[in-house]
Amino acid sequence: MKFNELGLAEPITRAVHKKGYDKPSPIQEKAIPIVLKGQDLMASAQTGTGKTAAFVLPLLQRLADGPRPAGKKVRALVVTPTRELAAQVHANIMDYSINTRLSNLVVFGGVNIGPQIRKLQRGVDILVATPGRLLDLHGQNAVQLDNVEILVLDEADRMLDMGFIHDIRKLQSLLPTRKQSLLFSATFSGEIRQLAKTMLHQPVEVEVAPRNSTVESVQQCIHPVDKARKAELLAHLINSRNWHQVLVFSRTKHGANKLVKTLAKSNIRATAIHGNKSQAQRTRALADFKAGKVDVMVATDIAARGIDIVELPHVVNFDLPNVPEDYVHRIGRTGRAGATGEAISLVSADEFKQLRDIERLIKTNLQREEIEDFEPDHQLPESNQAPRQRQGAGRKPTNFKQQPGNGNRRGRSRRRGKARAA
Ligand code: ADP
Ligand code: MG
């Protein structure tokens, strides 16, 4: 299947090829024709599967022929839960629309509202926005939403997790009833279906990859360790395995800050990204991380949501998330678009419940590997999920041989054989 076989016009496929994509991803293949037909859509696919282009490309085509927007009016509205995601979606729109005459704008909180108000004066074809700032702008009569032709809710599951339901309801009341609505999500929960029922009109549902499955190309493993020694273990892993570009998840903002300080003491360059940081600080942290100026970015789930860093090799769960679906989102940060990645979790005995919930969700017992000198005093109970499946198709057999440049990477770790006779 090629992009032009999906019914997309030449100026759009040309822009896509310029991005270096030669064929559509499965979710793009399924969603694009439906959106082009003007139908409402409810789409779910794992993180990193190209959902952005799945709505942006057909949206551009549908807007291409219409009249330009009047002052303060918007023709297509894309709502995202976080600022980073809004900026990222907007960047994609700019790339894909390069051969069209459509105008676009991104608005989010944490930055001056004045310039946003000014830019909205002339109206805009495609507006990307976070809910809070959008409602704020509407309240100041800087934007009018009664002419919106297409609405996109991106990362709808996260929008609900972050408590945006009231904002979404409010927004809905400001939009015309007659419009095309598209809802994208990494997972479909009962809540999402409920939301879809009230927001979408006879939606076509597309789902790629089994629900809540984790990405095949990601090698997953857990290191049992005592809570008090997690930071030390993380520093040890980063230094001894010579890791760069490590995304570390912390459950709390405070924990993220503390970890950055601890890592600094082991001469590891790290930065934190979370909701208490200003927009400028967050943008800067992400840029430094992408540019390789820091090796480690410590993030909370909300801040990391949707951030696209191509081929991120290592994701570390410093603590396990309370919501098991977040585990799937987190490890979706690695092994994107076909690249292989490694996701490790540092798990202490008190996190057994979270571990069990995650293993239940992904229907797999995660491989356990204790690290020498970091064996826990507080033992993590054995998991007893249904028959253990092999972890990640690409999981290499343990290689105790020294690897060039890698030092004794795996040599210092040992696997606990007990419950895994297989
Ligand atoms: P999602 O929203 O599903 O998490 P994104 O839209 O952020 O995923 O895309 C993930 C990555 O895949 C991005 O780097 C994007 O540029 C890339 N990508 C998207 N579509 C394709 C494609 N058809 N071929 C190759 N790479 C693609
Ligand atoms: Mg996305």
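In what order do the 6 strands of the open sheet that includes E8 and E10 lie, and is their pairing parallel or antiparallel? In this predicted model, the order across that sheet is E8-E13-E12-E9-E11-E10, and the strands pair in the parallel sense. The edges are taken by strand E8 (218-224) and strand E10 (270-273), each of which has a single partner strand, so that one side of each is left without a neighbour in the sheet. From one strand to the next, the twist averages 20°.

Within this sheet, strand E12 (residues 314-317) and strand E13 (residues 341-347) are joined in parallel over 4 bridges, and valine 316 has isoleucine 344, in E13, as its bridge partner. Two helices may be described together with these strands. Helix H10 (residues 230-240) lies across E8, strand E9 (246-249), strand E11 (296-299), E12 and E13, and runs at about 155° to E13. Helix H11 (residues 253-265) also packs on the sheet, where it touches E9, E10 and E11, with a direction that makes about 175° with that of E10.

A further open sheet consists of 7 strands in the order E3-E4-E2-E5-E6-E1-E7, and here too the pairing is parallel. Strand E3 (104-107) and strand E7 (204-207) stand at its edges, and because each has a single partner strand, one side of each is left without a neighbour in the sheet. The twist in this sheet averages 15° from one strand to the next. At the E3 edge, 4 bridges connect E3 with strand E4 (residues 124-129), the two running parallel, and valine 106 is matched with valine 128 of E4 as its bridge partner. Helix H4 (residues 83-96) packs on this sheet through contacts with strand E2 (74-79), E3 and E4, its direction making about 170° with that of E3. Helix H9 packs on the sheet as well, touching strand E1 (41-44), strand E5 (150-153), E6 and E7, and its direction makes about 170° with that of E6.

The second largest pocket encloses about 400 Å³ of space. Its lining comprises 19 residues, of which Glu149, Thr177, Arg178, Lys179 and Gln180 lie nearest the centre of the pocket. Two or more lining residues come from each of helix H3 (51-64), strand E6 (180-185) and helix H9 (190-199). By residue class, the lining divides into 6 nonpolar, 8 polar and 5 charged residues. Strand E6 and helix H9 thus contribute to this lining, while H9 also touches E6 in packing on the sheet of 7 strands.

Two loop residues were noted for their backbone geometry. Most residues other than glycine have a negative phi. Lysine 72, which lies in the loop between H3 and E2, has a phi near 65°, a positive value in a residue other than glycine. Glutamine 202, found in the loop between H9 and E7, likewise has a positive phi, near 40°.

As regards confidence, the protein averages a pLDDT of 85, and 86% of the residues score at least 70. Over residues 387-422, by contrast, the pLDDT is below 50, although this stretch has 61 contacts in the model beyond near neighbours in sequence. Where pLDDT is low, the predicted coordinates should not be read in detail.

How values were computed: Residues are numbered from 1 along each chain as its sequence is written. Chains are lettered from A and ligands numbered from 1 in the order in which they are written. This is a predicted model: local features need pLDDT of at least 70, side-chain atom pairs count only at pLDDT 80 or more; totals for chains, interfaces and linings use all residues. Side-chain values use heavy atoms; hydrogens and water are left out. On a 1 Å grid over the protein atoms alone, a cavity is a set of points where a 1.4 Å probe fits but cannot get out, and a pocket is an open set with protein on both sides within 12 Å along at least five of seven lines; lining residues have an atom within 4 Å of a point. Grid points are joined across faces, edges and corners, and a volume is the space filled by probe spheres set on the points. Ala, Val, Leu, Ile, Met, Phe, Trp, Tyr, Cys and Pro count as nonpolar, Asp, Glu, Lys and Arg as charged, and the others, Gly among them, as polar. pLDDT is the predictor's confidence in each residue, from 0 to 100. Contact means heavy atoms within 4.5 Å. Two strands pair if DSSP finds at least two bridges between them. Axes are lines fitted to C-alpha atoms, for helices over the stretch in contact, and angles run from 0 to 180 degrees between N-to-C directions.
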